[in-house]
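This briefing walks through one protein model for a reader who is new to reading structures. Please keep the sequence and the 3D view at hand while going through the points.

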Amino acid sequence: MNHGDSVITASGLRRRYGPAGDKGYEAVRDVSFDVRRGELFALLGTNGAGKTSTVELLEGLARPTGGSARVLGHDPYAERRAVRPRIGMMLQDGGFPAELTAAETVTMWAGCTSGARPVDEALGLVRLDGRRDVRVKQLSGGERRRLDLALALLGRPEVLFLDEPTTGLDPEARHTTWELVRQLRAEGTTILLTTHYLEEAEALADQLAIMHRGRIVASGTPGEVIGAYPARIRFAMPDGWFVGDLPPLGELGVLRHEETDGRVELQTRELQRTLTGLLLWARDKDVELEGLDARTASLEEAFLAIAGTAAESGRDA
Ligand SMILES: Nc1ncnc2c1ncn2[C@@H]1O[C@H](COP(=O)(O)OP(=O)(O)OP(=O)(O)O)[C@@H](O)[C@H]1O
């Protein structure tokens, strides 16, 4: 695998709906990122942030109003014929004929796909083999989502676009889908995923970007994005002791502290140093820190902080 090899590139992408000026709306505003071969890139954001609008530009379903998109070295809109056979797309709403069975739907799709997987293999990948003869209209929402994924995988694509692939899936089906996505990535498939499930991005993504009002407001590996936010230590102050009795908090690396009804929360970027100082103090004083809980920030906390900050500063819609 050559990591210098960019398979998907968004450069200053813009997408406007409607006319220029106040009557139109620019849903994608100067979005740039690269996805390298074999990487899984997750695009996150609040509702209406512009994720689907961006992904559709990369899928070649619409022409950008500014900037450029490249997929496998081609313009996905102007050079659709070169790109389409090598990509798989799972849209937010597949819109299948309701009367066909799952197997008939895959068979129909296979007719327009070169080098298609056998129908039962495609259904087996998404664990729908037991539902092959059920009509689409009788499948549950989650089963339809999985049928959609089977169709996206049918042509063994090099690049896979997954727009909210696990929305509506129960926890077991979600984890099964994660395993499948991991397997595809291990086989070298490059994957661009949008999701509202932050634990999904945390579990799967090599790189991610958080969008807000059409712009990328944070990006990096999950660890880098999370690492920009402080870890937290919580505990109850022992009876008869006060925060002022602790060693100077600044010397322990504490950035902020709060105390409510005897429960203390310390924020730090140096979790180990702060925690060690605190535990040494407790041992020295022979006291117990009840309810002690120390954790790094989660992607969810980072996301909420980013979305909150962006909402306050981004009144430019
Ligand atoms: N065809 C359209 N015409 C006008 N505005 C549109 C159109 N499609 C999307 N929009 C607007 O563009 C913005 C971005 O929409 P988009 O669907 O890309 O967001 P998203 O991040 O995928 O949202 P969600 O998480 O809710 O799926 C929204 O404000 C939406 O209302």
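In which sense do strand 10 (residues 231-236) and strand 13 pair, and over how many bridges? The pairing of strand 10 with strand 13 is antiparallel, and three bridges make it up. The model is a predicted one, and the points below begin with the whole protein before turning to its sheets, its helices, its largest pocket and one buried residue.

**The protein as a whole**

- The protein contains ten helices and 13 strands, and its C-alpha trace spans about 75 × 50 × 40 Å along the principal axes.
- Of the 317 residues in the protein, 46% are buried.
- Among the contacts in the protein with a separation of 6 or more, 68% join residues that are 24 or more positions apart.

**The sheet of six strands**

- Six strands form an open sheet in the order 5-6-7-3-8-9, and the pairing within this sheet is mixed.
- Strand 5 and strand 9 are the edge strands, each of them pairing on one side only, while neighbouring strands of this sheet are turned by 15° against each other on average, direction ignored.
- As background, strands of a sheet pair through backbone hydrogen bonds, in either a parallel or an antiparallel way.
- Strand 8 (residues 207-212) shows both senses of pairing, for it pairs with strand 3 (residues 40-45) in the parallel sense over five bridges and with strand 9 (residues 215-220) in the antiparallel sense, also over five bridges.
- Individual bridge partners can be followed in the 3D view: Ala42 is partnered by Leu208 in strand 8, whereas Ile210 is partnered by Ala218 in strand 9 and His212 by Arg215, again in strand 9.
- Strand 8 and strand 9 form a hairpin with two residues between them, and in its turn Arg213 has a positive phi of about 45°.
- Is strand 8 mostly enclosed or open to its surroundings? Five of its six residues are buried, so strand 8 is largely enclosed by the rest of the structure.

**Helices on the sheet of six strands**

- Helix 1 (residues 51-58) packs on the sheet, where it touches strand 3, strand 6 (159-163), strand 7 (190-194) and strand 8, and its direction makes about 145° with that of strand 3.
- Because six of the eight residues of helix 1 are buried, this helix is largely enclosed by the rest of the structure; the buried residues are Lys51, Ser53, Thr54, Val55, Leu57 and Leu58.
- Just after helix 1 comes Gly60, which takes a positive phi of about 80°.
- Helix 6 (residues 171-186) lies across strand 3, strand 6 and strand 7, and it runs at about 150° to strand 7.

**The sheet of four strands**

- A further open sheet has four strands in the order 11-12-10-13, with antiparallel pairing.
- Its edge strands are strand 11 (254-260) and strand 13 (293-295), each of which pairs on one side only, and its neighbouring strands are turned by 10° against each other on average, direction ignored.
- Arg232 stands opposite Arg295, a residue in strand 13.
- Helix 9 (residues 271-285) packs on this sheet and touches strand 10, strand 11, strand 12 (263-268) and strand 13, with a direction that makes about 15° with that of strand 10.

**The largest pocket**

- The largest pocket holds about 470 Å³ of space, and of the 20 residues that line it, Ile87, Met89, Trp109, Thr113 and Leu151 are the closest to its centre.
- Two elements, strand 5 (87-90) and helix 5 (141-153), give two or more residues to this lining, and strand 5 provides the largest share, with four residues.
- Sorted by kind, the lining consists of twelve nonpolar, five polar and three charged residues.

**A buried residue in a loop**

- Leu154 is found in the loop between helix 5 and strand 6, and Leu154 is buried, with a relative accessible area of 0%.
- Leaving aside residues up to four places away in sequence, Leu154 touches Val106, Trp109, Ala110, Thr113, Gly115, Ala116, Arg117 and Ala122.
- Leu123 lies 31 residues from Leu154 along the chain, and the C-alpha atoms of the two are separated by 9.4 Å.

Notes: Residues numbered from 1 in each chain as written. Predicted model: local features only at pLDDT ≥ 70, side-chain atom pairs only at ≥ 80, totals over all residues. Heavy atoms only, no water. Buried < 20%, exposed > 50% of the residue type's maximum accessible area, 1.4 Å probe, protein only. Pairing = 2+ DSSP bridges. 1 Å grid on protein atoms, 1.4 Å probe; cavity = no way out; pocket = protein on both sides within 12 Å on 5 of 7 lines; lining within 4 Å. Points joined across faces, edges and corners; volume = space filled by probe spheres on them. Nonpolar A, V, L, I, M, F, W, Y, C, P; charged D, E, K, R; others polar. Axes fitted to C-alpha atoms, helices over the stretch in contact; angles between N-to-C directions. Contact = heavy atoms within 4.5 Å.
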